[in-house]
Amino acid sequence: MSITRDKATPVMTAGESSSDVHCGLDCARSCAIVCAPEGGSECCSTDGQRVKVQQPEVRRSIDVGKETLIKEDSGIAFFQYQDEQQLAAIISLMSADLSEPYSIYTYRYFITQWPKLTFLAECDGYYIGAIVCKFDYHRQGVRRGYIAMLAVDAQYRHRKIGTTLVRLALEAMVKEKCDEICLETEVTNTAALALYERLGFSRDKRLFRYYLNDVDALRLKLWLT
């Protein structure tokens, strides 16, 4: 599963790097959903039919009884996904930076099946960051966690929000008894590579011309057992 990038340069930083956005979606291909160009409002399924894509811009926080996991002195709070009312904010955050926006069905594929592996960051009444993950069984019964998407609002980068979101996701996947965790990122995304390697990930495989822009990807993996 996967895909990782940003507009001109790869996104995803540790807060002290250039950008805080990562996306990985093997399933975007296997789910037969290919999205329209940036800013578009439609996407195509493999049978050629046009499907409306919801990419709202509103990111205002809605109180849905969320339990705060971390509250920093800066006022930034981190919490687990609670309600589909938050879905619009997640799509907005991802769509602002990803060069290949996805259909709402792709987001729902992850979030409705693995809601406990989606986390958000909030500040001043607005959602400013999100991470979306999943887990399933791989070869020989290996329980594999997967980081699919990560984004942080441009105005709040360089504050380690991305790093905190990744750490929360890793902790959640450890609780799910994952044996390993993987993701993909562009080979040119030095910020993402630095972040994940600081968290213990290793470079596992190079995927040639993996992205629609023909850029290669690196699969990173963290072994837990």
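This is a short look at the salt bridges in a predicted model.

The structure has ten of them in total. Three pairs are worth walking through, and their closest N and O atoms are listed here.

| Pair | N to O distance |
|---|---|
| Glu 84 and Arg 108 | 2.3 Å |
| Arg 219 and Glu 184 | 2.7 Å |
| Arg 209 and Asp 214 | 3.4 Å |

Let's start with Glu 84 and Arg 108, whose side chains meet at 2.3 Å. This pair ties together distant parts of the chain: Glu 84 sits in the loop between β6 (77-80) and α2 (87-97), while Arg 108 belongs to helix α3 (residues 104-113), 24 residues apart. Solvent gets some access to both partners, as Glu 84 is partly exposed with a relative accessible area of 40%, and Arg 108 is partly exposed too, at 29%.

Next up is the bridge between Arg 219 and Glu 184. Here the link runs from strand to strand, with Arg 219 in β12 (residues 217-223) and Glu 184 in β10 (residues 180-186), 35 residues apart along the chain. Is this pair buried or exposed? Arg 219 counts as buried because its relative accessibility is 13%, under the 20% cut-off. Glu 184 is buried as well, at 0%.

Then there's Arg 209, which bridges to Asp 214. Arg 209 is exposed, with 59% relative accessibility, whereas Asp 214 comes out as partly exposed at 43%.

Finally, some charged residues team up beyond simple pairs: Arg 144, Glu 180, Asp 204 and Lys 221 are joined in a salt-bridge network.

Key
Residues numbered from 1 in each chain as written. Predicted model: local features only at pLDDT ≥ 70, side-chain atom pairs only at ≥ 80, totals over all residues. Heavy atoms only, no water. Salt bridge = Lys/Arg side-chain N within 4 Å of Asp/Glu carboxyl O. Helix = DSSP H or I, 4+ residues; strand = E, 2+ residues; numbered from the N terminus. Buried < 20%, exposed > 50% of the residue type's maximum accessible area, 1.4 Å probe, protein only.
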